[in-house]
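Student: I'd like a close look at a single part of this one, please. Could you pick out a helix and walk me through how its neighbours pack against it?

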Amino acid sequence: MNAQETPMRPDVDTVLKAISRAVDAHVEMPNRDAIVDAVDFMGFSHKKMPQFAQNIEMYADTGEGRFVHWIGDKLPKGYARMFAEIAQGLLVAQVLDHHEGEDDPKPIRHTTLYRMDVPRSRIPDDTDLSALGWRVVPDVAAEYGVPKTDFLEDMPDIAADVLRELGMTMSDGMEFIFDDGSIWFRHTDYGWTQTVYRDGADPVTTTSPDPAEKSKIVSMPDAKHGPCLYSRRVHSTIDDAYSLACKAMELEAKWVGGVQPYLRNLLLMPASPYLRYGGREFYLLLGSGKEGKSRFCTSLSKHLREQAFLGQIDTLCENGLSAENQNVQLATHACVIFDDVTWEKGAKLVPKLKTMASGLLPGPARMQGRNKLPLEENRSRMILSANHDMPRSMIDEAMTDRVMRVVFRDKLVHHECIEPMIGKYGFWPFMLASAMAWCVYQGEHAPGYAWANPDDLTDEQCDIIKQVLDSGHTEPGTPKPSCGWAAMGLVQTTCSGPNRSEHVYRPSSKAERRSVWESLVAAYRRKLKDQAEEEALYTATLPEPKSEPDALGDLTALKPLDRNFGAVETQLGAMRWTGHVFPLRGREPEPKAPAVKSLTKMLKTPVGFVVDHCKQGEPMRGFAPAPGFMVLDLDIPKGKDEGKPDGYGVLRALDIGIGDPAMVVRTGSGGYHLYYRIPDGVDIPQIAHRGASDPLPGLPAYEGGVPIDTRVGGRGFVVMPGSSMPDGRSWQVVHEGSIKGDHTLPGGVLDLLRRLARPKAEAGPKQRPNRPSAAVDGAYVPHMDMTPVAEGSRNDTMKDQVWGWLERSRERGMSEAQRDYGLDRIRERFSASGLPDKEIEDCIRRTRGKLGL
């Protein structure tokens with residue numbers, strides 16, 4: 001026997017009599033008799049429902065005096081539409097009884113109206129309404145467009161009375177309708193239960209998701225019910241559905257690395273908007289990135305359709321219509337998802353989240369064009385996803401008990417397993433698995449498990465964690481970390497030294513701080529494990545050299561060709577290259593700098609040919625290839641690396657062929673630019689003199705990095721052949737490839753570029769920076785990169801480092817001494833790189849002004 005699948009559609013006469021009785025019961029309602037007469041008139045000689053609906057619309061539009069200008073003797077059009085939808089089965093009520101306390105025997109009855117989202121006129125008569133969704137009606141007058149002049153305060157209560165009398169009520173819980181029966185999950189006096197309706201069998205109610213556990217069967221009367229807020233028809237048998245749900249559970253367990261607290265919260269999350277009973281937990285999905293959190297939330301939102309809402313976390317901290325409109329959504333949706341949360345507005349966000357977690361709206365609710373709505377309750381179950389945990393300053397004991405964390409460990413499970421399963425079957429197996437989990441865990445979550453992102457750990461934090469793990473406490477005299485001792489879950493204690501007792505720090509015994517410390521230790525160990533795996537992966541470093549024949553022979557033997565700007569553009573166009581040609585300054589101090597307003601905008605502008613943005617007589621021009629093309633820059637070593645093999649010499653020493661470039665250009669410094677197509681599906685790294693800490697086989701170490709750069713289409717540019725410097729140096733074409741050639745980047749060069757692009761931690765055993773962190777003004781100052789920067793990228797690198805350091809010092813509240821310490825290191829680095837002191841000071845001064853320092 002199946003549960004009732006759709007709302008009932010009562011006879012028109014029954015509806016009209018119920019409306020008349022409900023209106024008549026409100027004795028203080030103005031014009032009560034006139035409204036009853038209007039209702040009776042609507043049903044006169046119209047017994048079929050479609051005609052009933054049409055009659056209401058006709059009467060509302062053309063009736064005597066028009067309802068829009070209702071004076072008191074007619075029924076307003078909006079309320080007439082509401083009564084019509086009751087007769088069509090498109091409006092139902094959910095009745096919940098709340099007790100003020102355990103000793104209060106008389107409950108307070110709370111009724112919520114739900115409206116089907118699709119108008120009846122657009123639904124065929126044979127449509128299965130269980131496949132459609134319901135949404136909360138926050139305000140009857142606003143929902144049906146009743147103007148202020150026609151507003152009747154009693155109308156919501158009248159609608160609720162009519163729906164209760166007709167038995168058109170929304171049942172709690174979740175319903176899955178299968179080919180051979182249905183399953184109804186809900187909360188009862190026995191806890192969370194499931195009732196299985198199999199065709200040809202009596203319904204069985206149990207507190208376990210496993211039908212074989214006979215001991216869990218409870219004796220309950222067969223409850224006929226109306227539509228559930230969550231109701232899905234699935235073309236599957238009940239047994240096959242159970243199997244798919246178990247498969248979904250296995251994948252989710254693998255996704256969180258088998259950690260039971262995280263698995264429990266993840267399993268309970270999807271069905272929580274429909275099965276929660278009391279409590280106001282919210283879910284926080286965490287991971288270092290690329291685990292599939294956002295895509296999983298998107299799949300859940302698409303599955304829940306109009307019952308889910310994708311919100312903006314920053315809007316909670318605003319004042320105005322956007323915030324008030326979002327509050328309406330919180331009051332009318334079953335689920336709200338805040339994706340990619342950054343916690344930037346932490347101080348303002350804390351009280352808002354606490355208010356929402358307590359079941360209230362964070363502010364007034366109002367829709368555009370309407371007055372403030374009488375809404376106070378936050379009905380939505382909140383789901384937040386982020387790459388970083390909530391800052392410790394945002395969490396107190398009350399908040400700790402409400403945050404249900406889910407930390408994803410495996411970055412491949414969602415992409416390789418979960419997403420294909422959702423694509424094949426839909427999201428319902430995960431919803432069924434969640435409903436089953438509510439019976440397993442009986443609503444018990446696993447709160448209070450803090451988490452730290454391994455990528456966020458600083459060197460000073462790693463040093464402190466290692467000290468504590470080795471000896472149980474920090475070493476005496478260890479400077480205070482920039483984040484503070486409390487943020488690491490450490491408290492002060494004393495230990496006996498050679499001559500006296502000394503202050504040290506150890507993990508706190510308090511549960512809240514202890515969880516913070518344990519989360520940092522877990523992140524530290526995960527970081528060590530990742531580094532070990534990366535070192536093992538790249539132990540072989542460079543692959544076996546690929547000896548690819550060079551059609552050009554020795555580049556140094558090639559003679560310059562007489563090619564001006566126009567000839568170069570013609571040749572590139574003939575080879576079907578695309579990109580931008582633009583002017584360079586052509587004079588000191590930065591002759592190779594772009595002379596355009598926005599190079600970034602130009603690089604991102606798609607083109608179908610070589611576009612020239614220059615005027616006549618420009619002595620120096622730049623060429624920015626479009627995506628799909630690149631230029632390999634084989635540079636000349638400078639500074640302390642002078643005399644070592646140049647970029648072309650590096651390729652020859654490693655026996656790496658250059659293949660068949662589209663064009664070869666001898667640069668003004670004596671190096672070479674090689675023009676290539678990028679192989680399909682390959683991501684070429686944008687590098688400049690990388691690999692200083694990882695010497696190549698058979699070659700000396702380069703302090704300024706290996707003299708090989710890339711200028712990738714859409715991200716970089718080169719000086720165009722035909723350009724000449726004021727001192728006479730020029731860029732000359734020495735080879736042009738065939739117009740019909742492929743000119744793809746060789747595999748050996750690609751392997752070398754990937755090795756050079758790897759971060760130092762991936763290229764081998766972790767190297768300490770060439771200038772370690774230092775204690776300045778009572779706190780650690782982070783490590784500073786002191787590696788000299790090669791010509792061509794010095795100014796951009798300096799601007800980025802100055803901006804980054806000053807912004808970081810402002811955010812962390814560094815003292816003037818700490819800030820100046822970092823600026824002195826920057827001065828040293830770029831002075832050693834060959835930049836004039838005036839240029840460095842001008843950059844620092846301009847950046848201070850922009851940041852208000």
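Tutor: Here's a walk around helix α14 and two helices that touch it. Keep in mind that this is a predicted model. The chain's mean pLDDT is 76, with 76% of residues at 70 or more. Confidence peaks in strand β20 (residues 663–666) at a mean of 95 and bottoms out in helix α22 (residues 760–763) at 41. Residues 43–73 also sit below 50, though the model still gives that stretch 48 contacts beyond near neighbours in sequence.

Now to α14 itself, which spans residues 413–425. Take helix α7 (residues 238–255) to start with: its axis comes within 10 Å of the α14 axis, and the two cross at roughly 160°. An angle over 145° counts as roughly antiparallel, so that's how α7 and α14 run relative to each other. The crossing is left-handed. From α7, the contact draws on Leu244, Lys247, Ala248, Leu251, Lys254 and Trp255, and from α14 on Val413, His414, Cys417, Ile418, Met421 and Tyr425. Sort those by class and you get nine nonpolar residues, two charged and one polar.

Then there's helix α10 (residues 293–304), whose axis gets within 11 Å of α14's and crosses at roughly 10°. That angle makes α10 roughly parallel to α14. Here Arg295, Phe296 and Ser299 of α10 meet His414, Ile418, Glu419 and Ile422 of α14. This contact splits into three nonpolar, two polar and two charged residues. His414 and Ile418 turn up in the α7 contact and again in the α10 one.

How values were computed. Residues numbered from 1 in each chain as written. Predicted model: local features only at pLDDT ≥ 70, side-chain atom pairs only at ≥ 80, totals over all residues. Heavy atoms only, no water. pLDDT = per-residue confidence, 0-100. Helix = DSSP H or I, 4+ residues; strand = E, 2+ residues; numbered from the N terminus. Contact = heavy atoms within 4.5 Å. Axes fitted to C-alpha atoms, helices over the stretch in contact; angles between N-to-C directions. Parallel < 35°, antiparallel > 145°, perpendicular 65-115°, else oblique. Nonpolar A, V, L, I, M, F, W, Y, C, P; charged D, E, K, R; others polar. Left-handed = near helix turned anticlockwise from the far one by under 90°.
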